[in-house]
Amino acid sequence: MQLKQDLASQTVVDIGIALNGLSHIVTPDLARDLSPDLVSMLNHSRPYIRKKVILVLYKIFLKYPEALRLSFPRLKEKLEDPDPSVVSAVVSVVCELARKNPKNYLSLAPQLFKILTTSSNNWMLIKIIKLFASLTPLEPRLIKKLLPPLTSLIQTTPAMSLLYECIYTVITGGFLEAAGESGNALAATCTNKLRKFLEDPDQNCELIAEHKDLILECIDDEDISIRIRALDLVVGMVNRKNIVDIVKKLITHIMPKKAESISLHDPSTIFDPVYRMDIINRIIFMCSQNHYHYLNDFEWYITVLVDITYSAGVNVGELLTNQLMDVSVRVKSVREFSVKQMYNLLQDKHFLETAKRRDSNINVLSAAAWICGEYCNYLDDIPLTLECLLLPQVTNLPVKVQTAYVHSVIKIYAYWTTELTSQWDAEIQREFVKVTQVMYEKMDMFTHNADLEVQERAHDVKSLFKIILDATSDPTVDDVPLVLRGLPDLFFIYELNPVAPKAQSKVPVPEGLDLDAWINDPLPDLVQDYESDASLDDSFRYEKVNKTSKKKKSKAKDDYSSEDEAEKERRRIARREARKNDPYYIMADNKKGSRSVDFDKELDSIPVVELNIEEINARASNLKKTKKSKRSKGQKAPLKIPVYAEEEMPEDAAQSEEEKEETEGRKRQTPKTILYTKKSARDIFENGEEAGLNSVDLSTPLGEDEKFQQVKAYLSPEELRIQEEAKYRNERRELRALQKKNKEVSGSKKLGKTTKKGRETQEELDTQNLAKEEFVPIDDGVREALVDGQEEAKRLKEIEVLKTDYVRLTSTLRMESDNSPIIAIQLKIQNLNDEKMLPKLHMEFAQSFDLKLVENDVPTNIAYATETFELQVNESVECIAHFEVLCDIRQGLCLRGDLFYDIEESSALNQHPFEIPIPASLFLNNKEPMDPADFATLLAEHGDKFEYHENVSIDVTLPSDTSFIEEVLIKSLNKITAISGLTVVEVVPGAASLYGKSVQGNQVAGLLKYTLQVEAEPKLAILSIDLKSTDEGLLGGLVHELTDIKMD
């Protein structure tokens, strides 16, 4: 309904936005219902709208092919539209439609020919020429008609893409044969023009290097097809000398400069995700092929991968992660540089904020965390690295990344202990215990993760921290605890090296293990089937000679396998028996049986030779070695020689002679060329939704019954609102009349004037009336009652934090302001003892990444919480502290601290830890109520931002008297809004809309519905609250608070 209203809007921008949205969300039902409206909009006064409608119709045709036949006459009329952009849109749509079934569009030839001879738009001319190339096989007479304009374009056009399309159409479309005597002149013209594309006619791949500059220029061509072909050539001509230049050239397609992006590239192509994905796959393929054979500077390659991470524009995080980890493991000399680059990624908070974006490569952080953890000896600042790994935003990262974070935290921490143990003293011990305590607390955000692996790793790490804290908390112990000395051995006792490519095949077979023997004895039927199959396959088997014995002997000229006559006869009989049961084999006659026997003899006489591919390759390599090497043209600067890590092989794995020769000659041999294939089967031009259009026949005229459905007139938003309000008032009148009738019936019941049968009838009537009251509207007094309840809820509530035999500590929480995330915590400390005073009492708050103690410049009469107090008998004191919230709102956020106090006439120091939970509802700003119209606009325009959804169900016990149900529901709604901090936006029959906005700007929208169950005892009202939020942590905290609500 809203989409149709937008299409009928008087504002051009609204119509354009609606058409753009429709092209992305169109379904078969939407296409069927909206096609009449769109066809009627082809006569819109604005060319912008007509062009948009024509382009959207193509998407409509894909989902609803019947619309093509009904709207084709109107579409044909638009080829003569006075605006060139509209004509260009029609040509584009027709070309796409004609790719599969060009016969339907032969009737458009006159209009298309007129455009071909009159238009100067090169892009549109290319489309029309392609369309005529598909029409000429169906109508050969078009060739003579098209020959003059095509010849003129070939001779005059400066556009290379148009020139290429004209020449291609002339050569493949039979134009040279149809030209007659002038065909030779036309062919000569085409040949001369083709020299501009590639001057050398030899297209051997070995000569591509001579045309490197020309091919690199083609990468920047405006025609996407030429660009794709040039990219295919570039991948094949890469070597050690030009790989850096080629990669830099390709990266400009991902990160184009502002000046070049306008002149060299089509913006729609540059930002096309499929094109960008293809470019990135080509870059990584060129650099990583043959185990990075063409790379000398791996630090440059790491930098390229990091740059792609930031500006890819598509999700290639998995690919980049594998490359970063593989290079860091294989190349020792690049590890230090790689660790520094990965540390920069970990501390980039702007990059963390992109975790929820579709095109984000946030998965690269798993490689960053793993590399920093594996090679943490190269880290410059270990505490800062640990702080980056334990930021609150980490909980928004994917599960795989969080898993790597948890594992890297304990590895870096273990390496850090090796540095501290050599300098261990009392001061280092105190700082170490504080940092370990903070890390122990921060692991809670991982233990609450929904993924089991993250939970398991977090609990393991937390247990290690607990063991370390128990061992290091005693200040009287000066020696380094044994647990710290042995902790690094858990992670760094072995060095991680790459596995050799042939390591799996080199695993020795244990003695006594027969891999060909049956593990369990098979059934007899299976053995018989296997033996029968083996007898049929004997004719294709040959005796394999052991490679080691071959090398000891001289090469024999006779490689034929010898068999006796009895074996040959046995195989011939087996073949004849198999042919008898073959329905697809024609048996020979008895008279020609001798010919069949001769054929079998000829078949057996064919020698079976084992071809040694390695010998053939060796001979080919020997021939290549005889060629003369090219002379070097000048001395060059020495290249960086990368240091590779040793590849690991299994124990007792011996290197064969062939592998030794291969290792010695690896530097002399040229690596095998690997063919690049796209990772995705879909390319830029693919469209798989056109199957339904092929069955549409446009050659026959429309019948009388073939028409669009009549377009209905729709009400304006104001008319709809008036209609809904009238309907709502009528429903309220009816329901109030039912309530009045119910009260009269219940009054007669109290008088006791009914019989037993009458009482049963009355109970049934009460049940029916209560069922109808499920949709009882809350009258006008409800809003006033809700306002009173919310005002009462705003009063600060005192919470008991700690109580001992001597001290009672309570707290009151409030937000300092509506615009900043600063919490004011007002504490009240009371001496509960009737005899002894507390001379020294003070509080210390634990350091946390979530909360930061700040000073308040506003003067106040209340003492600050960090002061030291003296409490007389039964005396109480109030103090205040301000904390800035550094993290996102989430469930489980709390302030931790310790309360210290001395007791009169006692030397003991009393210390008691305490926790002050900080509810998520505290951060909601409810001073200004939300207007219902603004609330509806918010959900309509920004509903996609409310991506997190939860549901809470609360049971409320109802009284037996139905007249008090409304009062109970109002009290329940008051309690929900008081605890959650949400405000009531609007109350309608059976539901209420809720809204809240935090001081950080995150929003929550909710819908409360209630259902009455009055048929059984006890009578219940089930309150269902659907909540949507822009922040997952805020929503989780509110749901936790609502779940704990206990209705009286």
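# Exercises on a predicted structure

Thr417 is found in helix H25. The model you are looking at is predicted, and the exercises below start from this residue.

## Exercise 1: Thr417 and its surroundings

Work out whether Thr417 is buried or exposed, and find what lies around its side chain.

**Solution.**
- Step 1. Begin with accessibility: the cut-off for buried is under 20% relative accessible area. Thr417 has 1% relative accessibility, so Thr417 counts as buried.
- Step 2. Look for polar atoms. A polar atom of the Thr417 side chain lies 2.4 Å from the backbone oxygen of Ala414.
- Step 3. Now leave out residues up to four places away in sequence. Thr417 then touches Phe432, Leu484, Leu487 and Pro488.

Keep Phe432 in mind, as you will meet this residue again in the next exercise.

## Exercise 2: Classifying aromatic pairs

Decide how the rings of Tyr292 and Phe298 are arranged, then do the same for Tyr413 and Phe432.

**Solution.**
- Step 1. Know what to look at: a pair of aromatic rings is described by the distance of the centres and the angle of the planes.
- Step 2. See how many pairs there are. A search of the whole structure gives 14 aromatic pairs. In one of them, the ring centres of Tyr292 and Phe298 are 5.9 Å apart and the planes stand at 70°, so this pair is edge-to-face.
- Step 3. Check burial. Tyr292 is buried, with a relative accessible area of 3%, and Phe298 is buried too, at 4%.
- Step 4. Turn to Tyr413 and Phe432. Their ring centres are 5.7 Å apart and their planes are at 25°, so the pair is stacked.
- Step 5. Place this pair on the chain. Tyr413 belongs to helix H25 (residues 399-421) and Phe432 to helix H26 (residues 426-442), 19 residues apart, and the pair links distant parts of the chain. Both Tyr413 and Phe432 are buried.
- Step 6. Widen the view: ring pairs join Tyr413, Trp416, Trp424, Phe432 and Phe465 into a cluster.

As an extra, find the ring of Tyr440. The charged end of Lys462 sits over this ring, 5.0 Å from its centre.

## Exercise 3: Reading a sheet

Find the order of the strands in the sheet that contains E7, E4, E9 and E10, and name the strands at its edges.

**Solution.**
- Step 1. Trace the order. Four strands make an open sheet, E7-E4-E9-E10, with antiparallel pairing.
- Step 2. Look for the edges. Strand E7 (869-871) and strand E10 (909-917) each have a single partner strand, so one side of each is left without a neighbour in the sheet.
- Step 3. Consider the twist. Direction ignored, neighbouring strands of this sheet are turned by 30° against each other on average.
- Step 4. Zoom in on one pairing. Strand E4 (residues 838-845) and strand E9 (residues 894-902) pair in the antiparallel sense over five bridges. Leu899 in E9 is the bridge partner of Met843.

## Exercise 4: A buried loop residue

Where is Val26, and which residues is Val26 in contact with?

**Solution.**
- Step 1. Locate Val26: its place is in the loop between helix H2 (12-25) and helix H3 (28-40).
- Step 2. Judge its burial. Val26 has 9% relative accessibility, so Val26 counts as buried.
- Step 3. List the contacts. Leaving aside neighbours within four places in sequence, Val26 is in contact with Ala31, Lys59, Ile60 and Lys63.
- Step 4. Take Lys63 from that list. Val26 and Lys63 are 37 residues apart along the chain, and their C-alpha atoms are separated by 7.5 Å.

Key
Residues numbered from 1 in each chain as written. Predicted model: local features only at pLDDT ≥ 70, side-chain atom pairs only at ≥ 80, totals over all residues. Heavy atoms only, no water. Phe/Tyr/Trp six-rings, centres within 6.5 Å; stacked < 30°, edge-to-face > 60°. Buried < 20%, exposed > 50% of the residue type's maximum accessible area, 1.4 Å probe, protein only. Helix = DSSP H or I, 4+ residues; strand = E, 2+ residues; numbered from the N terminus. Lys NZ or Arg CZ within 6 Å of the ring centre and 35° of its normal. Pairing = 2+ DSSP bridges. Axes fitted to C-alpha atoms, helices over the stretch in contact; angles between N-to-C directions. Polar contact = N/O pair within 3.5 Å; in protein donor to acceptor, adjacent residues only side chain to side chain. Contact = heavy atoms within 4.5 Å.
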